[in-house]
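Please open the model in your viewer and keep the sequence panel beside it, since each stop on this tour begins with a selection. The notes that follow say what to select next and what is to be found there.

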Amino acid sequence: MDKQIMLLGDEALAQAAIDSGISGVYSYPGTPSTEITEYIMNSPEGKSGEVRTGWASNEKTALEAALGMSYAGKRALVCMKHVGLNVAADPFMNSAITGVKGGIVIVSADDPSMHSSQNEQDSRYYGNFAMIPIIEPSNQQEVYEMVRYGYDLSEQVGLPVLLRITTRLAHSRAGVVRKEKREQNELKIPPKDDRSFILLPAIAKRRYISQLEKQPELEKQARESGFNKLTIKDAKLGIITTGIAYNYLMENFPDRNIPHSVFKVVQYPIPVDDVMQLYAHSEEILVIEEGYPFIESSLRGMLNMGKKIKGRLDGTLPRIGELNPNVVAKALDMPDTRGADIPKLVAPRPPALCNGCPHVYSYEALNKALAQLPNSRVFADIGCYTLGALPPFNAINTTVDMGASITMAKGASEAGIHPAVAVIGDSTFTHSGVTGLIDCVRDNNNVTIMILDNETTAMTGGQDSAATGRIENICRGVGVDKDHIFVVNPIPREVDKISEILLKEFEYKGVSVIIPQRECIQTARKSAKQKKD
Ligand code: SF4
């Protein structure tokens, strides 16, 4: 099986997980990780049900379900974008204490430069925080190899493994050679008296000690697995690099002959001996890493040991945004390698709501209703409706994180803002908005909540939403008064009617929910085309 297939980084990861014998994938869509799960869903294994697929309500529920699968002895893949790891942080940290039975690889696809994200945090800090192995491949073939290795390592050390990729690697394509597909693990029901997954303080304390005791073993694995590579040369400069940044370095040396010493980090914890060897053989160190100055900060430490450490902290490389071969060339005092200027046609354009998007009419109605109410504020959420911040709507005042619209409107109403309006999407509502609604109902907050139901997770390409067709029932179920739930149709001729409902509900001293319900035109077009084909 040595035929190459052209795969995106995300697809190489997905194929590797299938070939590693996973029994399930658990995820919430988010750019740049979405394609991993979609690939598995569309694979023969996904379609036949041999591998369980499907979208979770959020990243926390995804990781918890994967833990359940691992508890039964089977391998699972968990995928999310970097901000999703914040949502999954609770089970993430605790899974490092419970450990795993069947291997778990947790993928965090980081988005430096914030192409479609609200921040550019670096997931390696989370892996380090949880004290679990981190693997960071630099090309598609390495992605494939590292996923297989990740499952072996996870089962060998009994810990989840964090696999970090970044946008360019996730979304670029290269030839990948597959290996033999492995069988899935047999179901292995743990003995009834196995208490490792019960994090009572007495048990957790013991597990934590054993987790600490595993750390030298994890460093040994990183040193001996052969993925980290140290090349010492008789040179002044020593380079430490990792992930896609290694590719950017190599692109500046087409003959692949780098005149400096190089330590390529693929597996963490970083072996200290290798770093010390590089340090001893170099007069100065340059750290090239995509994301935060994670390695560079730890090298500098509280007290620098004397030699110059260059990287993102001293301005040798830009502190924010994605790296590229040209900024790496400049850091190496090499000629400017930038190619031709980007044609205006592909210059970045601000995103905008699609023509005919149902949200347009929801915002028109909202703006109309709020026109005479200068003290009103609109708390919005993550997704296409965030685009309501742009002209001509200028309709929203906040967007912080998934689910924050309802809870922020709650706090603002308690502070005295009226009307306090929350705008959230259907998928985001089940992701983490519904718990905020439960709080509002309990406290009988004076809030008006618009749940823009386009029957999909539109911004990431139209994945299923856990709430499709059920929003009204969910709202009733958590206690919203049925007389203050309105399902409306966001089309031009209904704008005035929606606006009137909003004005009436602003007067009501309690929780009102307005549900403008119409399918996203992009997914509607896609399904119409599929039917035609
Ligand atoms: S993708 Fe769908 S929901 Fe998003 S802006 Fe376009 S039509 Fe609206």
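Begin with the second largest pocket of this predicted model, by selecting Pro269, Ile270, Val272, Val275 and Ser298, which lie nearest its centre among the 24 residues that line it. The space in this second largest pocket comes to about 450 Å³. Now colour helix H7 (124-130), helix H11 (215-224), helix H13 (272-280) and helix H14 (294-300), each of which supplies at least two residues of the lining. Of the contributors to this lining, H14 gives the most, with five residues. If you then colour the lining of the second largest pocket by residue class, you should count 17 nonpolar residues, five polar ones and two charged ones.

Go next to the largest cavity, and select Glu136, Pro137, Arg164, Ile165, Thr166, Leu169, Gly243, Ile244 and Glu290, the residues that line it. This largest cavity holds about 40 Å³ of space, and the count of cavities of 30 Å³ or more comes to one. Strand S6 (residues 161-166) provides the largest share of the cavity lining, namely three residues. Which classes of residue make up the lining of the largest cavity? There are four nonpolar, two polar and three charged residues in that lining.

For the third stop, display the ligand together with the residues around it, which are Leu353, Cys354, Cys357, His359, Cys384, Asn454, Ala458, Cys520, Ile521 and Gln522. Coloured by class, this shell around the ligand divides into seven nonpolar and three polar residues, with no charged residue in it.

The next two stops are helix pairs. Two packed helices are described by the angle between their axes and the distance between those axes.

Select helix H6 (residues 89-98) and helix H10 (residues 201-213), whose axes come within 8 Å and cross at roughly 80°. Angles of 65 to 115 degrees count as roughly perpendicular, and H6 and H10 are therefore roughly perpendicular to each other. To see the contact itself, show the side chains of Ala96, Ile97 and Thr98 on H6, and of Ala204, Arg207, Tyr208 and Gln211 on H10. By class, this contact of H6 with H10 consists of four nonpolar, two polar and one charged residues.

Then move to H17 and helix H18 (residues 426-442), which pack with their axes 7 Å apart and at an angle of about 25°. Because angles under 35 degrees count as roughly parallel, H17 is roughly parallel to H18. On the H17 side the contact is made by Ile406, Thr407 and Lys410, and on the H18 side by Phe429, Gly433, Gly436, Leu437, Asp439 and Cys440. The contact of H17 with H18 has four nonpolar, three polar and two charged residues.

The tour closes with backbone details, for which a stick display of the main chain is convenient. Where does proline 419 lie? Proline 419 is in the loop between helix H17 (404-415) and strand S15 (420-425), and a cis peptide bond, with omega of about -10°, joins histidine 418 to this proline. Select next threonine 31 and proline 32, which are also joined by a cis peptide bond, here with omega of about 10°. Proline 32 has its place in the loop between strand S2 (22-27) and helix H2 (34-42). As a last selection, take methionine 114, found in the loop between strand S4 (104-110) and H7. The phi angle of methionine 114 is near 50°, which is a positive value in a residue other than glycine.

How values were computed: Residues numbered from 1 in each chain as written. Predicted model: local features only at pLDDT ≥ 70, side-chain atom pairs only at ≥ 80, totals over all residues. Heavy atoms only, no water. Axes fitted to C-alpha atoms, helices over the stretch in contact; angles between N-to-C directions. Helix = DSSP H or I, 4+ residues; strand = E, 2+ residues; numbered from the N terminus. Parallel < 35°, antiparallel > 145°, perpendicular 65-115°, else oblique. Contact = heavy atoms within 4.5 Å. Nonpolar A, V, L, I, M, F, W, Y, C, P; charged D, E, K, R; others polar. 1 Å grid on protein atoms, 1.4 Å probe; cavity = no way out; pocket = protein on both sides within 12 Å on 5 of 7 lines; lining within 4 Å. Points joined across faces, edges and corners; volume = space filled by probe spheres on them. Near = heavy atom within 4 Å.
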